[in-house]
Amino acid sequence: MQHVSPVREPLVTGGKTYHDVTQDVSRQVEAAPNIRWMAALSVALVLLGVFFYSVYRTLWYGIGEWGLNKTVGWAWDITNFVWWVGIGHAGTLISAVLLLFRQKWRTSINRAAEAMTIFAVICAAMFPVLHMGRPWLAYWVFPLQNTFGSLWVNFNSPLLWDVFAISTYFSVSLVFWYTGLVPDFATIRDRAKGPIAKVAYSLLSFGWKGSAKHWSRYETVSLILAGVSTPLVLSVHTIVSMDFATSVVPGWHTTIFPPYFVAGAIFSGFAMVLTLMLITRVVFKLEDYITIEHIALMNKIMMVTGSIVGVAYITEFFIAWYSQVEFEQYAFINRATGPYWWAYWSMMTCNVITPQLVWIRRVRYSIPLTFVLSIIVNIGMWFERFVIIVTSLHRDYLPSSWVMFSPSIIDIGIYVGTIGLFFTLFLLFAKFFPVINMAEVKSVLKYTVDNGPTYTGHDPHHHTPQPATTHGVPASASVNYDKHD
Amino acid sequence: MQESPKYWKGIEELENSPEFVKNALTEFADFLPVKESNGSADATVAPRRDFLKLMGFGIAAATLASCEAPVRKAIPYLNKPEEVDPGIANFYASTFFNGQDYNSILVKTREGRPIKFEGNPESPITRGGLSARAQAVVLSLYDGGRLQHFAKKGAKIDKDQLDQEVRNALAGAGRIAIVSPTIISPSTKKVIADFATRFAGTEHIMYDVNSAAGLLRANGGVLPAYDFSKADVIVSFGADFLGTWISPVEYARQYITNRKVSKEKQTMSRHFQFESNMSLTGSNADVRVPLKPSEMGEAVLAVYNTVVGGGSASSYTDKRVQTAAAELKRAGARGLVVSGSNDPAVQALVAAINQNLGSAAVDVANPSMVRQGDDARMSRLLRDISAGQVGAVIFYHANPVFDHPMGADLAAALKAGKVRTTISLNDRLDETGELCTYAAPDHHFLESWNDYEPKRGFLSLAQPVITPLFATRQAQDSLLTWAGNPTTYYNYLRSQWRGVLGGDFNKAWDKAVHDGVATGSASPAPVAQVAAGLDVNGAISAIKSAPKASGIELAIYEKVGIGNGSNLFANNPWLQELPDPVTKATWGNYVTVPRAYAAAQGWEQGDVVKVSVNGKSVELPILIQPGQATGTVGIALGYGRVKAGKVGNELGQNVLPLVAMRNDAIVYSNVVQITPTGAKSPIAQTQTHHTIMDRKQVVQEATLKQYIDNPKEVTEYEKISTPEGLAKPNKVSLWQDYEYKNHHWGMAIDLNSCIGCGSCVIGCQAENNVAVVGKQEVINRREMHWLRIDRYYSSNHHKTEFETKGKLDTYAAMEDPSENPQVIFQPMLCQHCNHAPCETVCPVLATTHSSEGLNQMTYNRCVGTRYCANNCPYKVRRFNWFSYYSNEKFETVNGHMFTDLGRMVLNPDVTVRARGVMEKCSFCVQRIQLGKLEAKKQKRRPQDGEVVSACAQSCPTQAIVFGDMRDPNSRISQILRREDGERAFHVLDSINVQPNVTYLTKIRNTESSEFNA
């Protein structure tokens, strides 16, 4: 039934109709949870338990439960924080920036990517709070009116900027994501049979009726939010990088950090999106919506950002040499050849060398290779933050204070635990929320079929439309230069 | 008039009975049932209203009961003691001596509780300095491990009953021995002498853990008093005179007097150190030569041959010994040789050299008294005890079961009941005390009167500063009581002093108590036997005939922190956690081995080895020690306590059984076998990277020659390019400078004067309630010291090799210290930067700048992000990883913050920090405030020297100067003016944080500085 365009690859394969889209996406929400989902959730819940135990130890006994010491005041905590925030970048980039650039292919992946963003930011936000010595006073970082006298927050502190950056990013992302969900919630509401589902999805869909006015407002809000979020993609990680860049620690005090961190964030974000998508499309049988073309495109973005990151790594070394500052030079020599050389070279291998494999077309279009690659990039980006934070701190100015850092079991527990938290949230999302934006996917269906989509579900096996000419293809349609021969 | 018809409500109204009439007047027909009308008149059913009433009462009562006002125990003085004002500290002069080193102290008391010691500037001996050990002893007053009552076989016994039993036992005891470490109290000695007259057959035997019996014997029974300030050339053979030998606080001050340099005084003494282990003294030496203990005699002989001549040829060939000898000879009377050896032959040669030189630094006419132990007598006594020939033994602050090499024999004899009556006057049931029948614990010295004569002609007093905490009795009173003398020791002491202090006794006495020190002597003038008594030829032949050692030699030494390991030191968490000045290790002892040896054996630091001699052995981890003489290993004594108390037990092992005894004299070395055990035991070091990595911005040093040539060139200043040419980094700044209108506090630390002794570390800890964290947390690198002393070894490799060897290899090579490195100490504390990196990054403004230049930490605002600590280039900020005062993990090591008894030592002016907050040096802001308030009360500005930080106060060498930099006449301003452009530098000047702490470049009296190659 699907018409294959001679000039570009279809964004959705398998000859889907509007009804098919609704069916395919809603099926996950409406059907009883399958065994694979249950198994995955069980694992995630076990990890979540690890998280709660580790947090309990941290809160009850103190930060001493971690492996930190007098010289290395941040290690896994902030590594994980930056890592999760970085991961949280892809969602907004996909939904906002690609929306503004009218990259229609984003429609099948933006929902999950945004959800990932939100969950990643939630995971990230755990660390700034948990790493505090007295987390019950965490609200003191907000510029709240208080009864303590003339106390105010320190607007010079990058940590305060972080508070604003992360909270803004989180709220905007959340609103953006939710706005996109409203029409789909309405679809599910309309199809819902159980009384609880009816009530729940009614509430969630905010009384969406699908009127022209609703759609018009929906489009407007999406565009505005996309406009608001786009600078956030840049600002959040810029500000996170300033936690380091504004300090005096050699290896942190680097002006290249903002662009380098943003590129790194997108890099790691796309890697995580790929990891999740590759699983989701199989588990929920969404191969027709998240196609090999999507994967190839995301691979390319990963390669580009990975290369930027690689250039940044090299630039840091160049500047260290060029500056002729003793401490700076030593910091970088120590990174590459000091006691944590293995972390540095893991980072270099994972982040600089691996993404270059994407130049090879076979790699780009290979699902197993892409999956492995995305995991490697995730690991590499974790090491990047570890390298920046720990290897800079552990040997800074005074050799008398040079130390080694090794994580405690609680450090590991909290990290693994946030992965559990993330997957618990993501699995719940995948089960109860439509993982693909039905409404927007439907809007790209017509680009790929001859006479526009049909409104009634009919048996695709009986009626297969023949390929037609290219008439009716809108000028704005994306052109895929990755076409098969 | 027609009568209206009348209707009755019922037959009752018609009848109009009286009962009806009565009811009709009431509003309701019947009484409301007060009781619950459930049909029965059961009295047991609670009526509703009563129930409500009772419930109301109950709730109110319960509420009131639970609102009971807290009982406040503060009881106002009925008659306020004169001079005691709540919130205001009083200082009392006193003295601390326990067989280690003598310290004249001022005891700071708050509301009657001693909380800190400061050096007594009136003392002509210690001159305001204090050792780290003495600083820490205030904590031992509140040590819960002290025996709190009299005891018989460990069980509590009534004082009178004990006295009765002891008197009876002593009466028929026959031979009685009083065993003690060196006692320098004339009155105590008199008490013992009185005791001996009462009980004939009493002998008083003194022995020292760190024996100087050889030195005493060589000098005819007197311990020469040394004055290092009078020596231009000092040659020390294994004498750690700055750390542990005889009177380190006194010597340190003298030594430094002749080491400080300035424009006016461009000379300094030259110091040669020949030793096996890297000691504190050796690390300060200009020339340090490692040698085996067995070579010591020959090395001294080599010096003797050059200086005096006439001895038989020495087999010691190191050329540096000739240099030392030649310089000594040239220095003449300004030369001094000292030796830490306990071999009378070596000491005789040393004395002969000094005599020949006519050394002005040696005084045998007014000798030192602080070592009087006689190894031979003690050994004899222990043999007699084992043979059952002693009827009674009184252990007076002596713990020979632990700290005598023959302790195991003594323990066996005591257990076997070879002595009928055994009495311990020790402050706790220690290793010896628990084997004694009777325990009559002595007061802590802060609860006692006593006198001291550390050096002939110099007297010193101790006065009680608190009522005895426990049911103890001063040992002298016990001895007086048992001897049947009814007088108190206080009166006894006063009557003794009557003979010493001339003139108006009461006035002189009051002054002596006030000052803590007095001149005059209670001892007879010593007979100068040195000239006559020196048997040089005998000594030379003794050295020549000494058994030649082959194999690995063990050199036993004392650690600066734990010293002789006696009760007051061993169970003291401050001292246990005081990093050793050289190894930077805490909590326990270890085997120091040369690196080449460890490498050859394939051992790593922390590998446990078994060190054995004649079937006796200890198993300890190794510590790779640069500067350790080839063929030797070192182990500190004073560890391996089992009955010291919660803190001190089971730390390290006791090495004393491994010593050699030669002619009944202890030789603190032996030939040992070392075998690996395969086990590992990490050593808790506070510093694990040992070289400076050629970072001249951190620490700077130069040679004396360079200094004399051009003082302007000894310090390398970091310059940056500006349009006006090269300038100091602080000339260019993005920041607005603070304006200091009133005070601007600053500190100058003279690296040339700092010997690294660690006294300031403990002074700071006591002043600022710094928590102790214990061994595991030190291993985790989380010690809390606000002030630390960084120790750097020099390396053979330098940046100059970048061109030839490449940066990577050079940097890697620079991490290794030289085989026998030069050492530099750098006290490191909060630099109170004017452009503090910590201040800008705190999100909640918990660390801010004061109008007087202090970087201040507001604990209760801190949320604990640790960003400030990360951003501190000096890494001086300390985080409260745990609740050190309530987490049970720290109850053993930080016990003084857990109990009411222990908490008495805390400084009430300083907050005990909560879990999760950052802390750091405050420049003793409480002391600054106090000084300002005192001045304000008198309507004047604080004078220079009135406001002194705890570290500056306790520094025996006055390396730390604290003061107001806005006062042009203050000492610090003068130093900064004088040294500007010469020796004054800021650590990490190039990052332009503009510290308020200035360091002065170290000057070495050597040909070259290995740090500046």
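Mentor: Helices (H or I, at least four residues) and strands (E, at least two) are DSSP runs, numbered from the N terminus. The model is predicted, so local features need pLDDT of at least 70 and side-chain atom pairs count only at pLDDT 80 or more, whereas totals for chains, interfaces and linings use all residues. Residues are numbered from 1 along each chain as its sequence is written, while chains are lettered from A and ligands numbered from 1 in the order in which they are written.

Trainee: How many helices and strands does chain A have?

Mentor: Of the 485 residues of chain A, 51% count as buried (20 or more other C-beta atoms within 10 Å of the residue's own; exposed means 12 or fewer, partly exposed in between; C-beta atoms are placed from the backbone). By the DSSP runs, chain A has 16 helices and, for strands, the count is 0.

Trainee: Which stretch of chain A has a pLDDT below 50?

Mentor: pLDDT is the predictor's confidence in each residue, from 0 to 100. Its mean over chain A is 84, and 89% of the residues reach 70 or more. Where pLDDT is low, the predicted coordinates should not be read in detail. The stretch below 50, which has 54 contacts beyond near neighbours in sequence (C-beta atoms, placed from the backbone, within 7 Å), is residues 448-485.

Trainee: How many residues of helix H3 of chain A are buried?

Mentor: Helix H3 of chain A, residues 76-87, reaches 16 Å from its first C-alpha to its last, close to the 16 Å expected (1.5 Å times one less than the number of residues). Its buried residues include A:Trp76, A:Trp83 and A:Trp84, and also A:Asp77. The helix is mostly covered, with a buried count of 12 of its 12 residues.

Trainee: Which helices are included in what covers the buried residues of helix H12 of chain A?

Mentor: Helix H12 of chain A, residues 341-353, has 13 residues that should span 18 Å at 1.5 Å a residue, and its end C-alpha atoms are 17 Å apart, which agrees. Within H12(A), the buried residues are A:Tyr344, A:Met347, A:Met348, A:Cys350 and A:Asn351. An α-helix has 3.6 residues a turn, so residues three or four places apart point the same way. The cover of the buried residues includes, from chain A, helices H10 (292-323), H11 and H14 (367-394).

Trainee: Which element gives the largest share of the side of chain A that touches chain B?

Mentor: The contact takes 42 residues from chain A and 48 residues from chain B. On the side of chain A, the elements that give two or more residues are helix H6 (158-191) and helix H11 (326-337). The largest share, 4 residues, comes from H11(A).

Trainee: How do the residues on that side of chain A divide into nonpolar, polar and charged?

Mentor: Here Ala, Val, Leu, Ile, Met, Phe, Trp, Tyr, Cys and Pro count as nonpolar, Asp, Glu, Lys and Arg as charged, and the others, Gly among them, as polar. On the side of chain A that touches chain B, the division is 24 nonpolar, 14 polar and 4 charged.

Trainee: Which helix gives the most to the largest nonpolar core?

Mentor: A nonpolar core is a set of buried Ala, Val, Leu, Ile, Met, Phe, Trp, Tyr and Cys residues joined through C-beta atoms within 7 Å. The largest has 431 residues, and those with the most contacts inside it are A:Val273, B:Val303 and B:Leu349. B:Leu349 touches, among others, B:Val300, B:Val536 and B:Ala539. The most, 15 residues, comes from residues 257-283 of chain A, helix H9.

Trainee: What are the helix and strand counts of chain B?

Mentor: The C-alpha atoms of chain B fill a box of roughly 165 × 95 × 70 Å along the principal axes. Buried residues make up 57% of its 1013 residues. The DSSP runs of chain B number 35 helices and 43 strands.

Trainee: In the open sheet of order E40-E33-E42-E41 in chain B, which are the edge strands?

Mentor: This sheet of 4 strands has mixed pairing (two strands pair if DSSP finds at least two bridges between them). Strand E33 (residues 745-750) and E40(B) pair in the antiparallel sense over 5 bridges, and B:Ile749 has B:Ile960 of E40(B) as its bridge partner. The edge strands each pair on one side only; in chain B they are E40 (960-964) and E41 (984-985).

Trainee: Which residue is the bridge partner of B:Phe274 in strand E11 of chain B?

Mentor: Strand E10 (residues 270-275) and E11(B) run parallel and are joined by 4 bridges. From E11(B), residues 287-290, B:Val287 and B:Val289 point one way and B:Arg288 and B:Pro290 the other way, and all are buried. The bridge partner of B:Phe274 is B:Val289.

Notes: Two residues are in contact if their C-beta atoms, placed from the backbone, lie within 7 Å.
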